Amino acid sequence: MRVPAHSVCTAVRDDIVAGVYERGSRLTEEVLARRYGVSRVPVREALRTLEAEGFVVTRRHAGACVAEPTEQEAADVLEMRTLLEPLGAARAAQRRTEAHLKVLRGLVRLGQERARKGHSEDLRSLGGWFHETLAQACGSPSLTAVLTQLRHKIAWMYAVEPPVSPVECWAEHGAIVDAVARGDGERARALTALHAERATGAHRLRFSAAGERVRTSQHAVNMSGLRH
């Protein structure tokens, strides 16, 4: 059975974000096809998509390589998120469905419970799901796609320190959902802007000015994207 290119794309992107492939390293179709157990056709399509997203570049005599974003490019990505997430929240206040609200409220309840009990190991994933659902609730596939891509890039470029007060962080999430539920787009925008601004201070660039990763670790092959 032919594996869809988007599944291969997800797996390769996840491994780039996780640091399995270092910045500037070559990504050959043959090696990737063997690593993920697929033919070269979906790998070729995946590399084209990742190049369009900015994770991969094509170089003369080298072919596809992992991109090497500069510090300025990384700063721009973070700033773009702080500008677009509030827009997404404002749109969500007008376009969200009851299903979106149910998921958002459930995530807030769970996050607040985990924060009160000090279960910090769950909060990062819950926070990611919260922001992903909020982006989906905006009712704009284009905006949702941009926000999703920005989250992937930020996870690749930055290490994020846990919030000083997880309880306060999840209280902010709860206030955003309340505004979305009431259809108050301006309040949802303002609260999300403040939340994003506070979160920005917790981001630490993963690579130095010389282009080296600040922290390097070994990772197993990420095949999760090929199982869907």
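A cavity, as I use the word here, is a set of grid points where a 1.4 Å probe fits but cannot get out. I keep in mind throughout that the model is predicted.

**Entry 1: the enclosed space.** I looked for cavities and found that the structure holds 1 cavity of 30 Å³ or more, and I noted a volume of about 50 Å³ for the largest cavity. Its lining, as I listed it, consists of Glu85, Gly88, Ala89, His131, Leu134, Ala135, Leu147 and Thr192, and the elements that give two or more residues to this lining are H4 and H6. Sorting the lining of the largest cavity by class, I got 4 nonpolar, 3 polar and 1 charged residues.

**Entry 2: the largest pocket.** I then turned to open space, and recorded about 1,500 Å³ in the largest pocket. I counted 41 residues in the lining of this pocket, and those that lie nearest its centre are Arg124, Gly127, Gly128, His131 and Val160. Going through the elements that give two or more residues to the lining, I wrote down helix H1 (5–18), helix H4 (71–95), helix H6 (120–136), helix H7 (141–157), strand S3 (158–160), helix H8 (166–182), helix H9 (185–200) and strand S4 (203–205). Which element gives the most to the lining of the largest pocket? I found that H6 does, with 9 residues. By class, the lining of the largest pocket divides into 17 nonpolar, 12 polar and 12 charged residues. I also marked His131 in my notes, since this residue is listed among those nearest the centre of the largest pocket and also lines the largest cavity.

**Entry 3: the second largest pocket.** Here I recorded about 150 Å³ of space, with a lining made of Gly54, Val57, Ala67, Glu68, Pro69, Glu73, Val77, Lys153, Trp156 and Met157. H4 and H7 are the elements that give two or more residues to the lining of this pocket, and H7 gives the most, with 3 residues. I classed the lining of the second largest pocket as 6 nonpolar, 1 polar and 3 charged residues.

**Entry 4: H5 against H6.** Having met H6 in the linings, I looked up how this helix packs with helix H5 (residues 98–117), and found that the two axes come within 10 Å and cross at roughly 160°. Angles over 145 degrees count as roughly antiparallel, so I entered H5 as roughly antiparallel to H6. The crossing in which H5 passes H6 is left-handed. On the H5 side the contact is made by His100, Val103, Leu104, Leu107, Val108, Leu110, Gly111, Arg114 and Ala115, and on the H6 side by Asp122, Leu123, Leu126, Trp129, Phe130, Thr133, Leu134 and Gln136. I sorted the residues of this contact into 11 nonpolar, 4 polar and 2 charged. Leu134 of H6, which I list in this contact, also appears in the lining of the largest cavity.

**Entry 5: H2 against H3.** Last, I checked helix H2 (residues 29–36) and helix H3 (residues 40–53), whose axes come within 9 Å and cross at roughly 115°. Angles of 65 to 115 degrees count as roughly perpendicular, and I therefore noted H2 as roughly perpendicular to H3. I entered the crossing of H2 and H3 as right-handed. The residues that make the contact are Glu29, Glu30, Leu32 and Ala33 of H2 together with Arg40, Val43, Arg44 and Leu47 of H3, and by class I find 4 nonpolar, no polar and 4 charged residues in the contact of H2 with H3.

Key:
Residues are numbered from 1 along each chain as its sequence is written. This is a predicted model: local features need pLDDT of at least 70, side-chain atom pairs count only at pLDDT 80 or more; totals for chains, interfaces and linings use all residues. Side-chain values use heavy atoms; hydrogens and water are left out. Axes are lines fitted to C-alpha atoms, for helices over the stretch in contact, and angles run from 0 to 180 degrees between N-to-C directions. Helices (H or I, at least four residues) and strands (E, at least two) are DSSP runs, numbered from the N terminus. Angles under 35 degrees count as roughly parallel, over 145 as roughly antiparallel, 65 to 115 as roughly perpendicular and the rest as oblique. A crossing is left-handed if the near helix is turned anticlockwise from the far one by less than a right angle, and right-handed if clockwise. Contact means heavy atoms within 4.5 Å. Ala, Val, Leu, Ile, Met, Phe, Trp, Tyr, Cys and Pro count as nonpolar, Asp, Glu, Lys and Arg as charged, and the others, Gly among them, as polar. On a 1 Å grid over the protein atoms alone, a cavity is a set of points where a 1.4 Å probe fits but cannot get out, and a pocket is an open set with protein on both sides within 12 Å along at least five of seven lines; lining residues have an atom within 4 Å of a point. Grid points are joined across faces, edges and corners, and a volume is the space filled by probe spheres set on the points.
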